[in-house]
Amino acid sequence: MDVLFDFTPVFDNMGDILQAFWAVIRLTVTTGILSLILGTILAGMRVAPVRIFRGAGTLYVNVFRNTPLTLILAFCALGLSDTLHISLSTQSTVNFYWLAVFGLAAYTAAFICEALRSGINTVPLGQAEAARAVGLTFFQSLRLVILPQAFRSVIAPLGSIFIAMTKNTTVVIVASYVESAYIMRQLFEEEGATIPMFLAFAIGFMIITLPMGFFFGWLAKRLAVSR
Amino acid sequence: MTTTLDKPAAKPRKAKKSEPSVLFDAPGPRARVRNNIIAVVGTLILLAIAYVIFARLQKEDQFDGKLWDPYLEAETWTEYVFPGLVGTLYAAALGSVLAVLFGVIFGLGRLSDHRWVRIPSGAVVEFFRAIPLLILMFFVFSGPPTIATAFNREFIEITPFMAVVIGLTLYNGSVLAEVFRAGIQSIPKGQSEAAYAIGLRKNGVMRLILVPQATTAMMPAIISQLVVLLKDSALGSIIAYEELLNKGFYQMKANFGNAVPALVITAAIFILINMALGYLATWLERRSRRSRKSAAKTMGTGVGAPPAPGMSVTGQTTGEAGGVGAGGLS
C-alpha cells in the first residue's frame, strides 16, 4: 500500500517531468499561433464570394476535422519524413518538432475555422450592410468590421479549442517527438510507480489548462460585444 | 398554373447564382468580372499547390503501381482493412454505450440535491475532462498490474482493448456528463415547477418531464461527441490495439512500404464514417429545432466539448457551426 502512494520517484525524476511539460508548452504556443493564422485564412476562404475558395475551404475542413489526429501525426513521421523525405531541419529533433507542429496545426485550424465561421454568423446583418454602404470591399469589411466582432464573440469556444489542443500535444508521441506521454510511459517502465506518476502528469496538465480556462473565460467576458 | 409552377423552379437557380451573403452583395456585372478573375487566379494557386504535392509524390515514386497493387488483392482487405475496421467499430460501439451510461449517471449525479453525491460526481467529471486521453489510456493499461503487485495479488491482465474502452468511457463519459447537465439545465424552470405543482416527485419530474425533453435537445451534441470518440479510438494503436489505424496504416506500411496509399485509404474510411455521423447530427439538430415538442433549446453540434472550468460564459456561441461532419476536436 505504501508503495502505491510513494511519491519519491516523482521527485527523483522532476527534471524529466519538467522537461516534458516544457515540451508541451513549446508545442502549444507554436501550434496555437500557427493554427490561429491558418484557421483565420480558412474562415475567410469559407465566406469568400468566389466559389472555388469556398469549395477548397470546405474540403479542407471536412477532411481534417474527420480524420483522427493520430493518423495525421503518424503520417507526419512515417509519410512526410520517412517516405517523402521532407526535412525541415538537419537536426532530427528539430525536424520532428516542426512536423508535429504542422500536423497538429493543420488539424486544429479546421476547428478554429469552424468556430470563427460561427462567430461571423453572430455578427448582425446591419454591420456588414453598413460596411458595404460606406464602400468597403470584401477584404476591408472582413478585416475592419466583421472579423474583429466575430473574434470577440468566439473567444470562449476558441479557448476550449486551445485547451483541447494542449491536451492533444500528447498525441505527438506518434510523430517521434519526445513530450509528456512519451516520458510518462518511459517513467512507468523505469520506476513502476504508476499511480504517483499518473497523478503528477494529471496535475501538471491541470496546472497548464485550468489557468488557460480561467484566462479565456475572463477574456471572453471582458471583450464580449455588447448588443 | 404554368406561371406559378415556373416561379419556384426559377428561384433556387437564381439564389444559387447570386449566393447572397452577409459579407457581399449579389454581384453586379463588374463584380462578376472581378470575381471571375479572382476565381481563375485562385484556381491557379490551388492547382500550383496541388502540383507541388504531386511533384513531390512523383519524385518519391509514390504513384508507382506496386505501392497501390496490394489494394487490388482481396487479401489486403480481409487481412488488414476489414479486421481493423471491425476493431475500431467494436471499441467505439462499446465505448459509446458505456460513455453514455457513465454520462447519464454522473450528469444526474452533478444535479443531485445531496452534496455528498454532487461534489464527488463533479470531481470525477472535472478530473477526467482535464487530463489528456492518451495519458489516461497509458495509466489504465499499465496501472492495474503494478497495483496488483503492490497488494501481492494476482497479476491483472489488462488487454489493449480493455484499456481503450475504459479510457474512451471515462473521458467521453465525463464530457457527456457535462452535456447532460447542460441539457437538463437548458429546460425552462417553469417545466419542473409545473411538474412539482401537479404533485410529481423528484424522480417523476426528472423521468417524465426533464429527461424526455432534454434528450431531443441533446441528441446532436451527443452524436458529435460520439464522432470524437470514434476518432479517439485511433489512439488505441499506440498501445497496440489492433484497430483501423494500426492494421490499415502501420501494418500496411510495415509490410508493403506504402505510407501514402495506406494514408489515403485509411483516412477515407474514417472520413466517410464520421461524415455520415455528422450528417445524422445535423439532420437531428435541424429536425429538433423545427419541432415544438420540447421546451429545451437544441444544443448544437457545436464547436466541441462544453467549456472548460472557469469558462461558463453566458451567451457564448455554440452550435450552428454548420458544415458537415464531426464535432469537437477532443
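**Helix packing and chain contacts in a predicted two-chain model**

In helix α2 of chain A, residues A:Leu42, A:Met45 and A:Arg46 meet A:Phe53, A:Arg54, A:Ala56, A:Gly57, A:Thr58, A:Tyr60 and A:Val61 of helix α3 of chain A. The residues of this contact between α2(A) and α3(A) comprise six nonpolar, two polar and two charged. The model is predicted. In it, α2(A) covers residues 14-46 and α3(A) covers residues 51-66, and the two helices pack at an angle of about 130° with their axes 7 Å apart. An angle that lies between 115 and 145 degrees falls in the oblique class, and α2(A) and α3(A) are therefore oblique to each other. The crossing of α2(A) and α3(A) is left-handed.

Chain A as a whole contains 10 helices and zero strands. Read from the N terminus, the order of elements in chain A is α-α-α-α-α-α-α-α-α-α. The C-alpha trace of chain A spans about 70 × 45 × 25 Å along its principal axes.

An unreviewed UniProt entry places the feature "domain: ABC transmembrane type-1" at residues 21-216 of chain A. Over residues 21-216 of chain A, helix accounts for 83% of the chain and strand for 0%, and the end C-alpha atoms are separated by 21 Å. The feature "transmembrane region" is placed by UniProt, again in an unreviewed entry, at residues 20-48, 69-88, 94-113, 154-178 and 198-220 of chain A. Among these spans, residues 20-48 of chain A are 93% helix and 0% strand, with end C-alpha atoms 41 Å apart. Residues 154-178 of chain A are 56% helix and 0% strand, and the end C-alpha atoms of this span lie 32 Å apart.

For chain B, the "transmembrane region" annotation in UniProt (unreviewed entry) covers residues 37-57, 89-111, 123-141, 161-184, 205-228 and 259-284. Residues 37-57 of chain B are 100% helix and 0% strand, and their end C-alpha atoms are 30 Å apart. The span of residues 205-228 of chain B is likewise 100% helix and 0% strand, with 31 Å between its end C-alpha atoms.

Within chain B, helix α4 (residues 74-110) and helix α9 (residues 202-232) have axes that come within 10 Å and cross at roughly 135°. The helices α4(B) and α9(B) are therefore oblique to each other. The crossing in which α4(B) passes α9(B) is right-handed. On the α4(B) side, B:Ala92, B:Gly95, B:Ser96 and B:Ala99 take part, and they meet B:Leu226, B:Leu229 and B:Leu230 of α9(B). This contact of α4(B) with α9(B) has five nonpolar, two polar and no charged residues.

The interface between the chains brings 64 residues of chain B into contact with 81 residues of chain A. On the side of chain B that touches chain A, at least two residues are supplied by each of α2 (29-59), α6 (133-150), α10 (244-256) and α11 (259-290) of chain B. The residues of that side of chain B divide by class into 39 nonpolar, 19 polar and six charged.

One helix pair across the interface involves helix α4 of chain A (residues 69-83) and α10(B), whose axes come within 11 Å and cross at roughly 5°. Angles under 35 degrees count as roughly parallel, and α4(A) and α10(B) are therefore roughly parallel to each other. From α4(A), residues A:Thr70, A:Leu71, A:Ala74 and A:Leu78 meet B:Leu245, B:Phe249 and B:Lys253 of α10(B). The contact of α4(A) with α10(B) has five nonpolar residues, one polar and one charged.

The predictor gives the complex an ipTM of 0.88 and a pTM of 0.85. For chain B the mean pLDDT is 79, and 81% of its residues reach 70 or more. Among the elements of chain B, helix α7 (residues 160-185) has the highest mean pLDDT, 91, and helix α1 (residues 2-18) the lowest, 40. The pLDDT is below 50 over residues 1-19 of chain B, a stretch that has one contact in the model beyond near neighbours in sequence. Residues 310-327 of chain B also have pLDDT below 50, but this stretch has 71 contacts in the model beyond near neighbours in sequence. Where pLDDT is low, predicted coordinates should not be read in detail.

Technical notes
Residues are numbered from 1 along each chain as its sequence is written. Chains are lettered from A and ligands numbered from 1 in the order in which they are written. This is a predicted model: local features need pLDDT of at least 70, side-chain atom pairs count only at pLDDT 80 or more; totals for chains, interfaces and linings use all residues. Axes are lines fitted to C-alpha atoms, for helices over the stretch in contact, and angles run from 0 to 180 degrees between N-to-C directions. Helices (H or I, at least four residues) and strands (E, at least two) are DSSP runs, numbered from the N terminus. Angles under 35 degrees count as roughly parallel, over 145 as roughly antiparallel, 65 to 115 as roughly perpendicular and the rest as oblique. A crossing is left-handed if the near helix is turned anticlockwise from the far one by less than a right angle, and right-handed if clockwise. Two residues are in contact if their C-beta atoms, placed from the backbone, lie within 7 Å. Ala, Val, Leu, Ile, Met, Phe, Trp, Tyr, Cys and Pro count as nonpolar, Asp, Glu, Lys and Arg as charged, and the others, Gly among them, as polar. UniProt positions are given in the numbering used here, feature names are shortened, and annotations may be inferred rather than shown by experiment. pLDDT is the predictor's confidence in each residue, from 0 to 100.
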